Amino acid sequence: MKNNEAKVPTSRLSRLSKMGGLASRLAGNVLLEGAKQLSQGKSPSMQQLMMTPSNIGHVADKLSQLRGAAMKVGQMLSMDAGDLVPPELAEILAKLRSGAKAMPHKQLTQLLVEHWGSDWITPFAQFELRPFAAASIGQVHLAYLDTGEKLAIKIQYPGIRDSIDSDIDNVATLLKVSRLIPANVKLDTLLAEAKAQLHNEADYHFEADQIALYQQQLGDDSHFIVPKVYQQLSNNSILTMQFVEGVAIESLVQSPQGVRDQVATSLMGLCFKELFEFKLVQSDPNFANFQYQTDTQKIVLFDFGATRTISDTLSNGYLELMLGAAQQDKTQMALAAKQIGFFQDSIDPAQQQLIIDIFYQACEPLCFDGEYDFGQSNLAKRITQAGKVMSTQQNEWHTPPTDAIFIHRKLAGMYLLAAKLNAKVNVAKLFSVYQTKTHDKPV
């Protein structure tokens, strides 16, 4: 059985050596595989030599050992690049979403002493040293207070916060040199986003503040639960929260149609609330951030490190964009896209029309009269194909604001989850609430 523990390398030098060792191993494998195929009369390309199962496995294993930025790059690529990443690599990268190795007990206890002192165990009736979850930034432990309260304690891996930028730069170099990522993937944009997002996610004070802000906006909404934070047991590297029972959201694929439809409808409605009412978007739609309570029929929301406040201008811009789509008014959509931050300079009319057409396709569910069947729709594939066409002419337009990129990711994540659940959602009905509200026109 494979050992699920590995010490987290904390110094920049030790983390760099991990990447250097991986590069050497990949190069050696390429030479061996190339010689083997040449002896068989084949003429393999460099990408074919790099994309062998053993090489892909080595990359995934090394990223999971480094955790932090290295794993986050793998996660973002597996979520964002879609069909652009070869299926073999996408499959391995997807495993990084929940495939981190836990810290050894010795390293863990050293951290607890460092943050809570030598008597760190005093407040607890029980503290499980083996984590029940391990991800890119930290691992999560179960504990009980003397009062009987059940806790989920997220403990950040050591050295993560100080190594974010250098880790990501190292991984970028590896991916470019090894040609594991096709040239048409906008790697630099993804990596810049990864750095900014990781710096927020690595600050647990920030996440605690975002949870409080989100809970305030959510109010007493009966469809959702956000675990409360225990401030006295939290700092910038440890986040102590209420443990909330629930099952993985994907497991509902076996549930009755009505349950799946209700869950997808609630999450889609919440997405609209985030965008048009809260002006606060939890921008990481990873399925692991949602669970379901079968007894209360409530959805549990996790992981607020990627929460972003958006401006009134951006919120109004997306409202106008969607209103334009609902009314089949592409002129209004173009004005709204400009308000959001697209088309900042002159743009070829044909290219502008191509982008508006992609937006129009993305709004298909809210233009549909009745329940939109996400399970039977090929919408995601069509948008991906249109995006590929647009990416070949990227010099013709300007990248939208970063917040817009995260909003697109959140909306896409909700579409993907609804498709995963084979759910039917009356998106037009959810959006109709905002069609009747007073809003500013784009300028």
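The exercises below work through a predicted model of one protein, each with a solution in steps.

**Exercise 1. Confidence of the model**

Task: State what the mean pLDDT of the protein is, and find which element has the lowest mean pLDDT and which the highest.

Solution: Begin with the whole protein, for which the mean pLDDT is 79, with 67% of the residues reaching 70 or more. Then turn to the elements, where helix α2, covering residues 46-50, has the lowest mean pLDDT, 47, while strand β13, covering residues 424-425, has the highest, 98. Next, look for stretches in which the confidence stays under 50: residues 15-20 form one of them, and for these the model has 17 contacts beyond four places in sequence. Residues 438-443 also stay under 50, and there the model has 12 contacts beyond four places in sequence. Where pLDDT is low, the predicted coordinates should not be read in detail.

**Exercise 2. Overall make-up**

Task: Give the number of helices and strands in the protein, the share of residues that are buried, and the share of contacts between residues at least 6 apart in sequence that join residues at least 24 apart.

Solution: The count of elements comes to 17 helices and 13 strands. Of the 443 residues in the protein, 50% are buried. For the last part, take the contacts between residues at least 6 apart in sequence; 72% of these join residues at least 24 apart.

**Exercise 3. The largest cavity**

Task: Determine how many cavities of 30 Å³ or more the structure holds, and describe the volume and the lining of the largest cavity.

Solution: The structure holds two cavities of 30 Å³ or more, and the largest cavity has a volume of about 50 Å³. Its lining is made up of Y214, L270, E274, Q282, N289, F290, L301, F302, F304 and K410. Sorting these lining residues by character gives six nonpolar, two polar and two charged.

**Exercise 4. The surroundings of S283**

Task: Locate S283 among the elements, decide whether S283 is buried or exposed, and identify which backbone oxygen lies 2.6 Å from a polar atom of its side chain.

Solution: S283 belongs to the loop that runs between β8 (280-282) and β9 (290-293). Its relative accessibility is 1%, and because buried means under 20%, S283 counts as buried. The backbone oxygen in question is that of A306, which lies 2.6 Å from a polar atom of the S283 side chain. Leaving aside residues up to four places away in sequence, S283 touches A306, T307, R308, F406 and R409.

**Exercise 5. Residues far apart in sequence**

Task: For Q197, L198 and L252, establish the element or loop in which each is found and the C-alpha separation from R308, D165 and L421 respectively.

Solution: Start with helix α8 (residues 187-201), in which Q197 is found. Q197 counts as buried at 6% relative accessibility, and its C-alpha atom is separated by 9.6 Å from that of R308, although the two residues are 111 apart along the chain. L198 also lies in helix α8 and is buried, with a relative accessible area of 0%; from L198 to D165, 33 residues apart in sequence, the C-alpha separation is 9.2 Å.

Continue with L252, which is found in the loop between β7 (247-248) and α10 (257-278) and is buried, with a relative accessible area of 3%. The C-alpha atoms of L252 and L421 are 6.8 Å apart, while the residues are 169 apart in sequence. L421 is also one of the residues that L252 touches, together with R260, V263 and Y292, when residues up to four places away in sequence are not counted.

**Exercise 6. Positive phi and a buried glutamate**

Task: Compare the accessibility of D303 and Q328, and then find which side chain has a polar contact with that of E320.

Solution: D303, in the loop between β10 (298-301) and β11 (307-309), has a positive phi near 65° without being a glycine, and at 26% relative accessibility D303 counts as partly exposed. Q328, in the loop between α11 (312-326) and α12 (330-340), is likewise not a glycine and has a positive phi of about 55°; Q328 is exposed, with a relative accessible area of 62%. Finally, E320 is found in helix α11 and is buried, with a relative accessible area of 0%, and its side chain is joined to that of Q332 by a polar contact of 2.8 Å.

Note on methods:
Residues numbered from 1 in each chain as written. Predicted model: local features only at pLDDT ≥ 70, side-chain atom pairs only at ≥ 80, totals over all residues. Heavy atoms only, no water. 1 Å grid on protein atoms, 1.4 Å probe; cavity = no way out; pocket = protein on both sides within 12 Å on 5 of 7 lines; lining within 4 Å. Points joined across faces, edges and corners; volume = space filled by probe spheres on them. Nonpolar A, V, L, I, M, F, W, Y, C, P; charged D, E, K, R; others polar. pLDDT = per-residue confidence, 0-100. Helix = DSSP H or I, 4+ residues; strand = E, 2+ residues; numbered from the N terminus. Contact = heavy atoms within 4.5 Å. Buried < 20%, exposed > 50% of the residue type's maximum accessible area, 1.4 Å probe, protein only. Polar contact = N/O pair within 3.5 Å; in protein donor to acceptor, adjacent residues only side chain to side chain.
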